[in-house]
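Student: I'd like to go through this one with you and check the reasoning behind each label. Can we start with how the chain is divided?

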Amino acid sequence: MEKIIDGKQIAKDIRAELALETAKLKAQNIVPGLAVVLVGSDPASISYVTGKKRACEEVGIFSKSFELPEDTAEKEVLDLVEKLNNDDSIHGILVQLPLPKQIDELKIINAINPTKDVDGFHPISLGNMMIGAETFLPCTPNGILKLLERTDVVTEGAEVVVVGRSNIVGAPVANMLFKKATPGNSTVTICHTRTKNLKEHCLRADILIAAAGRANMITA
């Protein structure tokens with residue numbers, strides 16, 4: 001039977017829980033700090049960053065935004081990341097992707113201290129995720145698992161089909177769901193642009209995750 005997941009309510013519940021955790025840290029004179037770096041004026045990126053600022057305010061996290069022009073040189077971004085790595089008031093660094101074409105995204109990601117890599121994109125973070133070690137997890141895949149967990153969706157033994165294989169969503173969420181964990185223990189198939197008979201794969205899924213970054217790719 002179909003079940004509508006109320007993502008807004010779940011997010012509200014999680015933020016309320018995080019506010020309590022933040023208050024406990026503040027009682028120990030620890031104020032969690034997040035730095036967000038935005039290069040350029042991509043509308044979607046601006047929207048995401050605005051949402052992150054609002055979320056930080058709701059849970060009591062100190063946030064600081066660094067908004068740089070589209071033509072910012074790669075070295076300037078690297079220098080800023082290094083400065084934030086060495087700033088003890090900043091516990092997490094988030095560089096909003098995509099970056100302008102003159103900037104090597106991988107070089108910027110690799111420059112972030114893994115202990116502050118809250119996006120979970122650093123190779124060390126991804127490696128730890130692969131072996132099940134404690135680490136920051138990619139945000140969207142982790143959010144998907146939270147939705148499944150908090151709506152009591154049984155993933156153990158389930159046939160999961162993930163449509164999309166990006167390093168940001170598709171590949172990480174597939175990895176997280178086939179692990180020996182809860183949620184997890186699923187049999188996972190990853191579909192992509194070269195997959196034959198996509199419809200057949202989707203129809204056999206107990207859980208279908210659309211992570212292709214393209215609207216209306218999956219139809220009823």
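Tutor: Sure. The model is a predicted one, and the domain assignment of its chain gives domain 1 (7-117) and domain 2 (139-210). Their centres, taken over C-alpha atoms, are 27 Å apart.

Student: What touches what between domain 1 and domain 2?

Tutor: Five residues of domain 1 are in contact with four residues of domain 2. About 390 Å² is buried between the two domains, and carbon and sulfur atoms give 75% of that. On the domain 1 side, I10, I14 and E17 supply 76% of the area buried against domain 2, more than any other three residues.

Student: Why is the meeting of the E17 and R150 side chains called a salt bridge?

Tutor: The N to O distance is 2.7 Å. The cut-off is 4 Å, between a side-chain nitrogen of Lys or Arg and a carboxyl oxygen of Asp or Glu. An Arg and a Glu at 2.7 Å satisfy that, so the label holds. The count of salt bridges between domain 1 and domain 2 is one. By class, the side of domain 1 that touches domain 2 has two nonpolar, one polar and two charged residues.

Student: How many cavities of 30 Å³ or more does a search of the whole structure find?

Tutor: One. The largest cavity has a volume of about 50 Å³.

Student: What makes two residues of the largest cavity's lining charged?

Tutor: The lining is I93, V95, L97, I109, I112, D117, D119 and F121. Asp counts as charged, so D117 and D119 are the two. Ile, Val, Leu and Phe count as nonpolar, and the lining has six nonpolar residues and no polar ones.

Terms used: Residues are numbered from 1 along each chain as its sequence is written. This is a predicted model: local features need pLDDT of at least 70, side-chain atom pairs count only at pLDDT 80 or more; totals for chains, interfaces and linings use all residues. Side-chain values use heavy atoms; hydrogens and water are left out. Domain bounds come from an automatic or database domain assignment. Contact means heavy atoms within 4.5 Å. Buried area is the accessible area (1.4 Å probe) that two parts lose on being put together, summed over both. On a 1 Å grid over the protein atoms alone, a cavity is a set of points where a 1.4 Å probe fits but cannot get out, and a pocket is an open set with protein on both sides within 12 Å along at least five of seven lines; lining residues have an atom within 4 Å of a point. Grid points are joined across faces, edges and corners, and a volume is the space filled by probe spheres set on the points.
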